[in-house]
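This briefing goes through a protein model topic by topic. Please look over the sequence and the structure before reading on.

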Amino acid sequence: MVDFKKKKRAEVRAKESLKAKEKNYQDYGWNDLCEDPTKLKKLRVPELNKYLKQHRLDKHLKGTKNDKIKVITRHWLLQMNPEGTDPLQTSLTKRDEAEN
């Protein structure tokens with residue numbers, strides 16, 4: 001019975017791995033994934049590598065899974081806000097300037 005369950009779990013993992021290998025970079029909702037790092041943690045390392053390769057962050061391919069998640073999150077945040085400024089702080093500053 002235990003061997004049957006073990007074999008079944010191995011088959012499920014193999015199917016999931018095969019599905020992940022067949023996906024391209026565009027098949028992932030990276031904006032949704034990057035907004036919540038717990039969603040990124042659910043991805044497998046080869047899936048994280050697709051983001052790193054697409055954005056030419058090849059030097060991070062040798063890092064650990066947690067390092068890759070940090071790099072992807074940081075890169076995504078910088079892409080969303082290229083000036084490197086905090087959008088909330090910017091809007092508050094504009095509001096303060098308008099009041100004065």
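Which residues of the largest nonpolar core touch the most other members? They are Trp30, Leu40, Leu43, Tyr51 and Ile72, out of the 16 residues in that core. The model is a predicted one, and the protein contains 6 helices and 0 strands. The points below cover the overall make-up, the core, the packing of α4 with α5, and two individual residues.

**Overall make-up and confidence**

- Along the sequence the pattern reads α-α-α-α-α-α.
- Of the 100 residues in the protein, 23% are buried.
- Taking contacts between residues at least 6 apart in sequence, 41% of them join residues at least 24 apart.
- The mean pLDDT is 83 for the protein, with 81% of residues at 70 or more.
- Confidence varies by element: α4 has the highest mean pLDDT, 93, whereas α6 (residues 87-99) has the lowest, 58.

**The largest nonpolar core**

- The residues with the most contacts to other members of this core are Trp30, Leu40, Leu43, Tyr51 and Ile72. At least two core residues come from each of α2 (30-35), α4 (45-54) and α5 (65-80). The element that gives the most is α5, with 4 residues.
- Beyond four places in sequence, Trp30 touches Tyr25, Leu40, Leu43, Glu47, Tyr51 and Trp76. Among these partners, Leu40, Leu43 and Tyr51 are also in the group of core residues that touch the most other members.

**Helix α4 and its packing against α5**

- Buried residues in α4 are Glu47, Leu48, Asn49, Lys50, Tyr51 and Leu52.
- These buried residues of α4 pack against four helices, namely α1 (2-22), α2, α3 (37-41) and α5.
- Two packed helices are described by the angle between their axes and the distance between the axes.
- For α4 and α5, the axes come within 10 Å and cross at roughly 35°. The crossing of this pair is left-handed.
- On the α4 side the contact is made by Val45, Leu48, Asn49, Tyr51 and Leu52. On the α5 side it is made by Lys65, Lys68, Ile69, Val71, Ile72, His75 and Trp76. By type, the residues of the α4 and α5 contact are 8 nonpolar, 2 polar and 2 charged.

**Arg56, after α4**

- Arg56 lies in the loop between α4 and α5, and its position is just after α4.
- What is the phi of Arg56? The value is near 55°, which is positive in a residue other than glycine.
- Most residues other than glycine have a negative phi.
- Is Arg56 buried or exposed? Arg56 counts as exposed because its relative accessibility is 74%, and the cut-off for exposed is over 50%.

**Lys41, in α3**

- Lys41 belongs to helix α3.
- At 48% relative accessibility, Lys41 is classed as partly exposed.
- Outside its neighbours within four places in sequence, Lys41 is in contact with Lys65 and Ile69. Both Lys65 and Ile69 also take part in the contact of α5 with α4.
- How many residues apart in sequence are Lys41 and Asn66? They are 25 residues apart, and their C-alpha atoms are 7.8 Å apart in space.

Terms used: Residues are numbered from 1 along each chain as its sequence is written. This is a predicted model: local features need pLDDT of at least 70, side-chain atom pairs count only at pLDDT 80 or more; totals for chains, interfaces and linings use all residues. Side-chain values use heavy atoms; hydrogens and water are left out. A nonpolar core is a set of buried Ala, Val, Leu, Ile, Met, Phe, Trp, Tyr and Cys residues joined through side-chain atoms within 4.5 Å. Buried means under 20% relative accessible area, exposed over 50%, partly exposed in between (1.4 Å probe, protein chains only). Contact means heavy atoms within 4.5 Å. Axes are lines fitted to C-alpha atoms, for helices over the stretch in contact, and angles run from 0 to 180 degrees between N-to-C directions. A crossing is left-handed if the near helix is turned anticlockwise from the far one by less than a right angle, and right-handed if clockwise. Ala, Val, Leu, Ile, Met, Phe, Trp, Tyr, Cys and Pro count as nonpolar, Asp, Glu, Lys and Arg as charged, and the others, Gly among them, as polar. pLDDT is the predictor's confidence in each residue, from 0 to 100.
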